[in-house]
Amino acid sequence: MLACAACGKDGNGLKSCAGCKSVKYCSADCQKEHRPRHKKECMQRTAALHQEALFKQPSPREQCPICCLPMPFDNKDTKYQACCGKVICSGCICAVHARDGRSLCPFCRAPADCEPSGLLKRLLKRVEANDPIAMFTLGTLSMRGGMPGVPKDAKKAAGLFLRSADLGYAPAYVNLAHCYELGFGVKMDKKKAITYRELACIGGNAFARYKLGKDAWDIGKKEDAAKHFIIGAKMGHDDSLRALKILFVKGCLQKSDFEMALRHHKEASDEMKSEQRTWATPEHFLSVFTSKTSS
């Protein structure tokens, strides 16, 4: 049975050290008394746990609730439905619209509200329900401005990103890191920007992973950069794979590691593809339109 690291008392109700998780205490007083002896070991163990979490291959990407395929990386290939709070790929949205001849939500079948006031009303309702994606969406609108009823407000945007991130939505960490990096709505803090970007990585965000890889390469941490790019490439992220190609050409990456990443990238990319998603891309519409006009 585990015992208090300070007084040796055993029994139930012991609380783990918030940092290293390796020792337990029976009270706050015992933890405070033991801190000088435990501090160095705790910091080393905490750093090791953080590195382990940072370079762990993330869980599979979330799936579209309609076609059950992994979500694309690009936001323009997905859409948040404020009526039901679901994120749906553009392939399913276009397929349902083509089938029904009108704009209905593919998940809840609610009619699309094309008026900005109606969209905002739905979005605010989802924010009140503590929907992290709705908070992220409203924060993005507040950061950019331009939508009727949503003026540009950097401070409000940063606050919404923080609320969304606290609820576990990884893309919100990315935007929060951007705010702290540029001082957008918050006091500029490079260390906080890195911290939030790392939390986004741990949450499975490939864009943050790629940015951390670039930053690591710029300061000479080539091994860490390669690790980030390999993880991103295995997730199907194209920019990470391109970065790996550069590392391989420069002789900074073994052939076996590059081949493994290339193979996993293809598998992950293929999983995100479908005929519906290809049909929904602007490039496809342009090619169809060009072929029709030329004939």
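**Figure 1. Helix H7 spans residues 190-202.** This close-up comes from a predicted model. H7 has 13 residues. From its first C-alpha to its last, the helix reaches 19 Å, close to the 18 Å expected at 1.5 Å a residue. At the N-terminal end, Asp189 acts as a cap. A side-chain oxygen of Asp189 lies 3.1 Å from the backbone nitrogen of Lys191. Just after H7 comes Gly204, with a positive phi of about 100°.

**Figure 2. The buried residues of H7 pack against four helices, H1, H5, H6 and H8.** The buried residues in H7 are Ala193, Tyr196, Arg197, Glu198, Ala200 and Cys201. Both Arg197 and Glu198 are in this buried set. The packing partners run over residues 28-54 in H1 and 154-166 in H5. H6 covers 170-182, and H8 covers 206-218.

**Figure 3. Ala193 sits in helix H7.** Is Ala193 buried or exposed? The relative accessible area of Ala193 is 2%, under the 20% cut-off, so Ala193 counts as buried. Leaving out residues up to four places away in sequence, Ala193 touches Ala177, Tyr180 and Glu181. Glu41 gives a second reference point for Ala193: the two are 152 residues apart in sequence. In space, their C-alpha atoms are 26 Å apart.

**Figure 4. Gln81 belongs to strand E3, which covers residues 78-81.** The relative accessibility of Gln81 is 9%. Buried means under 20%, so Gln81 counts as buried. Which residues does Gln81 touch, not counting those up to four places away in sequence? They are Lys86, Ile88, Ile93, Cys105 and Pro106.

**Figure 5. The second largest pocket has a volume of about 540 Å³.** Its lining is made of 19 residues. Closest to the pocket centre are Pro72, Phe73, Asp74, Asp77 and Asp238. Two elements give two or more residues to the lining: helix H10 (238-249) and helix H12 (275-280). How do the lining residues divide into nonpolar, polar and charged? Four are nonpolar, seven are polar and eight are charged. Asp74, Asp77 and Asp238, among the residues closest to the centre, are of a type that counts as charged.

How values were computed: Residues numbered from 1 in each chain as written. Predicted model: local features only at pLDDT ≥ 70, side-chain atom pairs only at ≥ 80, totals over all residues. Heavy atoms only, no water. 1 Å grid on protein atoms, 1.4 Å probe; cavity = no way out; pocket = protein on both sides within 12 Å on 5 of 7 lines; lining within 4 Å. Points joined across faces, edges and corners; volume = space filled by probe spheres on them. Buried < 20%, exposed > 50% of the residue type's maximum accessible area, 1.4 Å probe, protein only. Contact = heavy atoms within 4.5 Å. Expected span 1.5 Å × (residues − 1). Polar contact = N/O pair within 3.5 Å; in protein donor to acceptor, adjacent residues only side chain to side chain.
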